[in-house]
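Q: Could you take me through the cavities in this structure, with a close look at the biggest one and what lines it? A word on the nonpolar surface would be welcome too.

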Amino acid sequence: NSHTMTQRGRLALAAALLLALATWPDPGQSLPQGAPETVCDTMLPFHSGGSVLPQNSVSPFRVETSSSTVGQGQTLRVDLTGVPAGLNFGGYMIQARNRNPPYQIVGQFGAARDGTIKLMNCENSVNNSATHSNAGPKPQVLLEWQSPVDFLGQVVFNATIAQSYAEFWVGVPSEPVQIVRRDVSAIPLPTQPPASAAGTNRPPYVPPSYVAPNNVAAASADPIYSGCGQSKNCFGFPDGCVASKTCTSIAAVTVRGDVYEFEMQSGKGTNAAYVAVGLSDDAKMGDDLTTECVPENGRVNLYSSLTSATPYAAVRSMVSQNSARLLDASLVDGVIYCRVQRDALTSVQGRTFDLRNGKYHLLVASGSSLKENSVGYHDIGRLPSGKAISLAEVQDLQGSSKLLVQLHGAFMIAAWIGTTSLGIIFARYFKQTWVGSQSCGKDQWFAWHRLLMVTTWALTIAAYVLIWVELKRAVWHAHSIIGLVTVILCFIQPIGALFRPGPNDKKRPYFNWGHWLGGNLAHILAIVTIFFSVKLPKAELPEWMDWILVSFVVVHVLVHLVFSIALCLNHWQVAGMASERHQSQRANTFQMGDLSHHHQHAMRNGMSMERKMDAPYGALRKGLLGVYAVVLVLFVVVLILLVVLAPIEQFLGKS
C-alpha cells in the first residue's frame with residue numbers, strides 16, 4: 001500500500017510539472033486573459049516573474065481621444081493605435097487618472113459587444129480600467145469611456161501596451177482631457193498632433209510616480225490643511241485636530257469675493273458613508289443648511305438638505321439642489337473628499353441663508369450609514385464650532401462646549417461606580433456593625449445607606465436631565481436604551497421605600513426581595529451602560545477605559561466575596577452561641593416546665609442579645625470597608641478625569 005501511495009505521489013508530481021510547463025506563457029505572447037487587478041497602481045506587467053522590464057525607448061503606440069473636452073457624465077472615444085498606422089500589438093491596459101493630486105482613477109469604460117475588452121475594478125470602483133481579453137495581434141483598439149459626474153478638472157489616459165511578451169511600454173499618455181459641467185461651454189484645450197516616434201527624446205511616463213492611495217498621507221501633507229487659518233477657515237473633530245492635522249472629519253471654507261467654496265473630507269479608516277458641513281444659527285441640530293458629499297456607485301455625489309432635530313432628519317426635498325455645485329471630488333482608500341461652491345443666498349422654506357452678511361456656526365458631521373434619500377445618523381462624530389462667524393473672516397475655530405456631556409458622564413460615574421457600590425455594601429453587610437450607635441434616629445448602616453442612595457438618585461436624575469438638554473431628542477442605541485431602564489429603576493426605588501411595610505408585616509419579606517432585586521439590577525445595568533459609553537463618538541473616550549471598568553468589577557466582586565464569607569462565619573458563630581445558651585438554660589430549667597416552651601424562650605433571648613451587640617469580626621469589616629472606600633474613590637476620580645479631559649490622548653499630547 002505504501003509503495004502504491006508513493007507511486008501515486010510521483011505521478012501526481014509529474015502531472016503537476018507537465019501542467020505547469022503546458023501553461024507556461026509563450027515568450028511571444030502577452031498574458032492571454034489580460035492584466036490582473038493586482039497591477040492597478042503600477043500598470044507593470046509581471047512577465048517572467050518581473051524579470052522582463054519595460055522598454056525605455058519612445059513608444060511606437062499612442063493613445064488618442066475623440067475630444068479634448070467632455071462634459072460630466074458624457075462619453076468619450078479612446079483609441080489605441082500604432083505609429084505608423086497598422087502596427088500590431090498584443091496586450092494592453094488603460095485607465096484615466098486625475099492629472100493633479102491625489103491622481104485617483106476616474107470614470108468608467110464601457111464593455112465591447114464582441115467581448116474583446118475586459119473591464120477591471122481598481123481602487124474599490126467599478127469598470128474604471130480596461131485590458132485585453134485576447135492577447136492576439138491587433139492594429140487598433142477602440143474604447144468608450146464615460147466621465148464621472150462628480151469630477152471637474154483635467155484627466156490623462158495612461159496605457160501599458162505590449163508589442164510582444166518581452167517588449168512593452170508602460171505609461172503611454174494621452175493629451176489632457178478637460179472635464180467640464182454640462183451647462184458650461186468650456187474652451188477646449190489646445191491640442192497638438194502626437195509626437196512622432198522618431199526624433200524625440202521624451203522619456204516614457206512611469207505610473208509609479210503616481211502616489212498610491214495607501215501612501216498618500218505618508219508621502220506628503222494632506223493638502224486640505226494647506227492655508228488653514230491664513231486663507232480659509234478650517235474646522236473639524238475631534239476639537240483641536242486642525243493644528244495637528246489629524247481630523248476624523250474636516251471642513252474648510254474659502255471666500256473669494258462672492259465665491260464661497262466648501263471643502264469636506266472624512267478620515268481614513270472611519271468607513272464613512274458621508275461627510276457633511278452645516279450652517280447653523282445656534283450650534284444645535286435643526287433648521288440647518290447642510291452640504292453633503294455621499295459616495296454612491298463608485299462616485300461622490302453632492303446633496304443639500306435642511307435638518308430637523310426631532311426626529312433627526314436631513315431633508316433634501318426642501319432645498320434646491322442647484323444651490324450648490326460640485327467642483328472636485330474623490331474617493332481614495334475610503335477617504336471622501338469634495339470641493340463645493342455654494343450660492344451666496346439660499347432660500348429654504350421662507351428662510352434665507354445669507355453667506356455675505358450672516359454669521360453661522362459650522363457643523364461638521366460624518367456617519368457610517370445612509371437612509372433612503374438622506375444621510376444617516378452621525379455616529380462617527382459631530383461637532384459644532386464654538387461661535388458663529390462671518391465666513392469671510394479667517395480665524396481659528398474651536399468646538400462648542402462639551403460641559404453638559406462631561407457633567408452627564410461625571411455624575412453617572414460618581415453615582416453608579418461610587419455611591420451605589422458603597423451603599424449596597426452598607427445595606428448588605430453592616431446591619432450588625434456599630435450596633436447602638438445612631439444618626440438622626442436611625443442605625444448607622446441605614447443612615448449611610450439612605451444618604452448614599454439618595455445621592456445616587458439625585459445625581460442620576462440630574463445627569464439624565466443634562467443629556468436631554470444637550471441632545472434635545474431621543475437617540476436610540478445600546479447605551480441610551482439600557483441607561484433609560486436604569487434611570488427608571490433608580491427613580492422608583494425610593495418611591496417604593498416610602499411604602500415599606502412594617503418590620504412585623506407579613507408583606508415585609510416581599511418588599512425586601514423586591515427592593516434588593518431592583519437595586520442590584522439597576523447597579524448591574526448601570527455598569528453595562530457605562531461600558532457601552534466607551535464606544536460613543538460623542539464621548540471620545542479611550543478604548544482602554546474598558547480595562548479600568550473591568551478592574552473595578554473584579555475588585556467589587558472580590559470585596560463582596562470576602563464580606564459574604566465573613567457573613568457566613570458570623571451566622572455560624574451566632575448560631576453556636578445561641579445553642580450553647582439553650583443547653584445551659586435547659587439544664588437549669590428542665591424540672592420547671594415544658595421543654596419546648598423553654599427552648600423557644602431561650603433561643604429568642606439568645607438572638608435578642610446578639611442583636612444588641614456587634615457581630616464578630618467587626619474590626620475586619622470596618623478595615624475592609626475603609627480600604628474599599630479608598631479604592632472606590634480612586635476609580636471614580638480616574639474615570640471622571642477620562643470623561644472631563646476627553647479625548648485624553650489629545651490632552652496628554654498637549655501637556
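A: Happy to: here is a walk through the enclosed space, followed by a short visit to the surface. Please keep in mind that this is a predicted model.

Let's start inside. Rolling a probe the size of a water molecule over the atoms shows where empty space is left. Searching the whole structure in this way turns up four cavities of 30 Å³ or more. The largest cavity has a volume of about 240 Å³, and its lining is made up of 19 residues. Nearest to the centre of that cavity lie Ile105, Val106, Ser125, Gly298 and Arg299. Two elements give two or more residues to the lining, namely strand S17 (299-308) and strand S19 (324-332). Of these, S19 provides the largest share, with three residues. As for chemical character, the lining of the largest cavity is mixed: nine of its residues are polar, seven are nonpolar and three are charged.

Now for the outside. A nonpolar patch on the surface brings together Trp544, Trp547, Val550, Val554, Leu558, Leu561, Ile565, Leu569, Trp572, Tyr617 and Leu620. Together, these residues have about 1,200 Å² of accessible area. Helix H8, which spans residues 545-589, is the main contributor to the patch, giving eight residues. Ile565 is a good one to look at, since its place is in helix H8. With a relative accessible area of 48%, Ile565 is partly exposed. That value matters for the patch, because membership calls for over 30% relative accessible area, and Ile565 has 48%.

Key. Residues numbered from 1 in each chain as written. Predicted model: local features only at pLDDT ≥ 70, side-chain atom pairs only at ≥ 80, totals over all residues. Heavy atoms only, no water. Patch = residues over 30% accessible without salt bridge, like charges linked within 9 Å, V, L, I, M, F, W, Y side chains within 5 Å. Areas by Shrake-Rupley, 256 points an atom, 1.4 Å probe, with all protein chains shown as cover. Salt bridge = Lys/Arg side-chain N within 4 Å of Asp/Glu carboxyl O. Helix = DSSP H or I, 4+ residues; strand = E, 2+ residues; numbered from the N terminus. Buried < 20%, exposed > 50% of the residue type's maximum accessible area, 1.4 Å probe, protein only. 1 Å grid on protein atoms, 1.4 Å probe; cavity = no way out; pocket = protein on both sides within 12 Å on 5 of 7 lines; lining within 4 Å. Points joined across faces, edges and corners; volume = space filled by probe spheres on them. Nonpolar A, V, L, I, M, F, W, Y, C, P; charged D, E, K, R; others polar.
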